[in-house]
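Please open the model in your viewer, choose a cartoon view, and keep the selection tool ready. The tour below moves from one selection to the next and says what can be found at each stop.

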Amino acid sequence: MLGSVRYATDGAAAEDAIEAGASMLAAAAVGREAVSAALITAAATAVAQCWAGGWQPADLERFLRREAAGGHRPAAAGGATLATLIVDAIAADAARNPAARTPRGTRWADQLRRLGAEVWWGSDDGYLDALAGRRRTTGFETAYDVLAALRALARVPRITPLPAPAPATKARGAAASRALGRIRGLLAKAEATNFAQEAEALSAKAQELMARHSIDEALLAGAAGADGSRGGQPGGPSAIRIGIEGPYEQAKALLLDAVAAANRCQAVWAADIGFSTLVGFESDLEASELLYTSLLLQATAAMHREANALPKALQEQGGAPAGRGRSRRTRDFRQTFLVAYADRIRGRLTEATAAATAAVTAESPDAAPGLLPVLAARELAVEETTGALFPDTAPVRLRGVRDAEGWHAGRAAADRARLGNDD
């Protein structure tokens, strides 16, 4: 029955197979406990196969939720329902392999925690009944959704696996945690304030700390001879994935690319599966993720403010007539705004990184002779690792960038969010 569900052709054949299987499971008066346990085993096995296919917990949940929301899965297994069942399957796998949590790295464990991937049901043989009670669904509906989730897991494509994160020493890990904690605090304050000048100052300080932390890490690694050129080697580049949610995926991927480049990382966007892979050294990856999250929040807020504001000419006239002033709420305006924002941020971040590097060189003349070669070696290592992971990439043509007012508004917003050392 599982085979017919997993491998049925998309469309009516898949619906029929899932309905037939759900009817059989719901009508089985004897052996329900064994069926429930078998379904949990099948789910855990399918998840383990996804890990072997290059996926990580957060990526898998995001991908399948996105697929369901896009209408690529049976209608009864909608995005929220499917995501919940996938998390249960991930929890079942983790419960069977508790020792695998730590070797896979702290990021893996963090993803499990954020997803809430914990076994909440009493026993595997009671899962179906517990799930039906929790969701207040019939036995048929419960079985249908579980089978739909198993079908979705079986049809997840293989992707490029990420290199293992480089191990950090206890001393360096503590120093990195302190630095990133300060950066995270500054960015949180920048996001929360309603005063533009305060946000600018906080973001500028955060960027300065990021650049200096990256340089400190590079010098420490260079002194220890730990700049491996292959991912997974001690001290070498690693990679993370960052989800790119719609709408305006192209513009958001462009912003992430700008942040990554300024922080000595490389970004590869996979539009079909909804995330970008960042390749770089651990400290640079963490800084890039923090800064991108903050800038995306600030850019989105600025876009909404600009889109909802009246054009200047209408403001001078004392307001807009009925039906006017809505042109700035179009998709073209918002897409163009975010692209312009990313374009301007790219230049400003690059300038800020160069200025911070020059400042460190001037402040520490003894470190100056070794700094640039170390940075160049790390850049080469990141480039080689990216090429090994993604030998075939292609540029993406931006679409929907045709609103002049959106372009100028986006660049102006990026200027207000300046991230250099100037006040």
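Begin with the sheet, an open one of 3 strands in the order β1-β3-β2, with antiparallel pairing. At its edges stand β1 and β2 (266-270), each with a single partner strand, so one side of each is left without a neighbour in the sheet. If you look across the strands, the twist from one strand to the next averages 25°. Keep in mind throughout that this is a predicted model.

For the wider setting, show the whole protein chain, which holds 16 helices and 3 strands. Of its 423 residues, 46% are buried. Among the contacts between residues at least 6 apart in sequence, 78% join residues at least 24 apart.

**First stop: strand β1**

Select residues 238-243, which form strand β1; 6 of the 6 residues are buried, so the strand is largely enclosed by the rest of the structure. With side chains displayed, S238, I240 and I242 point one way from β1, while A239, R241 and G243 point the other way, and all are buried.

Now add strand β3, residues 275-280, which pairs with β1 in the antiparallel sense over 6 bridges. Two positions help to follow this pairing by eye: A239 stands opposite V279 in β3, and the bridge partner of I240 in β3 is L278.

**Second stop: strand β3 and its hairpin**

Keep β3 selected and ask whether its residues are buried or exposed. The strand is mostly covered, with 6 of its 6 residues buried. From β3, F275, T277 and V279 point one way, S276, L278 and G280 point the other way, and all of these are buried.

Next add β2, which pairs with β3 in the antiparallel sense over 5 bridges, and look for V268, which stands opposite T277 in β3. β2 and β3 form a hairpin with 4 residues between them, and G274 in the turn has a positive phi of about 80°.

**Third stop: the helices on the sheet**

Select residues 249-262, helix α11, which lies across β1, β2 and β3 and runs at about 165° to β2. Then bring in α12, which packs on the sheet and touches β1 and β3, its direction making about 15° with that of β1.

Within α12, which spans residues 282-308, pick out S288. With a relative accessible area of 0%, S288 is buried. Which residues does S288 touch, not counting residues up to four places away in sequence? They are V259, A260, N263, C265 and L278.

**Fourth stop: R66 and helix α4**

Move on to R66, which lies in helix α4, and which counts as partly exposed at 29% relative accessibility. Leaving aside residues up to four places away in sequence, R66 touches A271, D272, I273 and G274, and the last of these, G274, is the residue in the hairpin turn of β2 and β3 that has the positive phi. To place R66 relative to another part of the chain, find A83, 17 residues apart along the chain, where the C-alpha atoms of the two are separated by 9.2 Å.

Now show the whole of α4, residues 57-69, together with helix α6, residues 106-115; the two pack at an angle of about 45°, with their axes 8 Å apart. They are therefore oblique to each other. Side chains help here, where P57, A58 and E61 in α4 meet W108, Q111, L112 and L115 in α6. By class, the residues of this contact divide into 5 nonpolar, 1 polar and 1 charged.

**Last stop: helices α2 and α8**

Finally, select helix α2, residues 12-27, and helix α8, residues 139-154, whose axes come within 8 Å and cross at roughly 130°. That angle makes α2 oblique to α8, and α2 passes α8 in a right-handed crossing. The contact is made by A14, E15, I18, E19, G21, A22, S23, L25 and A26 of α2, and by G139, F140, A143, Y144, L147, A148 and R151 of α8. If you colour these residues by class, the contact of α2 with α8 has 10 nonpolar, 3 polar and 3 charged residues.

Conventions:
Residues numbered from 1 in each chain as written. Predicted model: local features only at pLDDT ≥ 70, side-chain atom pairs only at ≥ 80, totals over all residues. Heavy atoms only, no water. Buried < 20%, exposed > 50% of the residue type's maximum accessible area, 1.4 Å probe, protein only. Pairing = 2+ DSSP bridges. Contact = heavy atoms within 4.5 Å. Axes fitted to C-alpha atoms, helices over the stretch in contact; angles between N-to-C directions. Parallel < 35°, antiparallel > 145°, perpendicular 65-115°, else oblique. Left-handed = near helix turned anticlockwise from the far one by under 90°. Nonpolar A, V, L, I, M, F, W, Y, C, P; charged D, E, K, R; others polar.
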